[in-house]
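Me: Please take a close look at one part of this model, the open sheet, and at what packs around it. A connected account is enough.

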Amino acid sequence: NGNGFGPGTGGNAGGGVYHVGGGISAPVPLNSVEAEFSDEARRAKYQGVCLIQMIVDAHGMPQDPRVVRPLGMGLDQKALEAVRKYRFKPAMKDGKTPVPVMITVEVNFRLY
């Protein structure tokens, strides 16, 4: 597990998920869904940023989203629901081959 060679995950050789850089382009968002506020957070006028890490597969679909910086008050779940609906132009290896890539997304919760 991690960077290096051979079978496993997380490296740029031997399979697994790629990371942006070194000939790997970032996936391009085609649509991003606005995350809804939870009732609890709205009543408390609670806002902030929730960080979600996920894999964007070779078809531009989000896979395995998970919270890496939680906000609480039900907002983490709302952020996960929103990013599952995102669609991307997939990351490309050397501009030719679509590849799965690990990215981190900020979901902003702002009251206007």
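Reply: What follows describes the sheet, then the nonpolar core, then one loop residue.

The model is predicted. Its open sheet has four strands in the order E1-E8-E3-E4, and the pairing is mixed. Strand E1 (18-19) and strand E4 (62-69) are the edge strands, each pairing on one side only. E1 pairs with strand E8 (residues 101-109) in the parallel sense, over two bridges. His19 stands opposite Met102 in E8.

The largest nonpolar core has 24 residues. Those that touch the most other members are Ile52, Met54, Tyr86, Val101, Ile103, Val107 and Phe109. At least two residues of this core come from each of strand E3 (48-56), helix H2 (75-83) and E8. In soluble globular proteins, nonpolar side chains tend to be buried together.

Ile52 can be followed in detail. Leaving out residues up to four places away in sequence, Ile52 touches Pro65, Arg66, Val67, Val68, Ala79, Leu80, Val83, Ile103, Thr104, Val105 and Val107.

Glu36 lies in the loop between strand E2 (28-31) and helix H1 (39-43). Glu36 counts as exposed because its relative accessible area is 54%, and the cut-off for exposed is over 50%. With neighbours within four places in sequence set aside, Glu36 is in contact with Lys78 and Phe109; Phe109 is also one of the core residues that touch the most other members. Glu36 and Ala82 are 46 residues apart in sequence, while their C-alpha atoms are 7.8 Å apart in space.

Conventions:
Residues are numbered from 1 along each chain as its sequence is written. This is a predicted model: local features need pLDDT of at least 70, side-chain atom pairs count only at pLDDT 80 or more; totals for chains, interfaces and linings use all residues. Side-chain values use heavy atoms; hydrogens and water are left out. Two strands pair if DSSP finds at least two bridges between them. A nonpolar core is a set of buried Ala, Val, Leu, Ile, Met, Phe, Trp, Tyr and Cys residues joined through side-chain atoms within 4.5 Å. Buried means under 20% relative accessible area, exposed over 50%, partly exposed in between (1.4 Å probe, protein chains only). Contact means heavy atoms within 4.5 Å.
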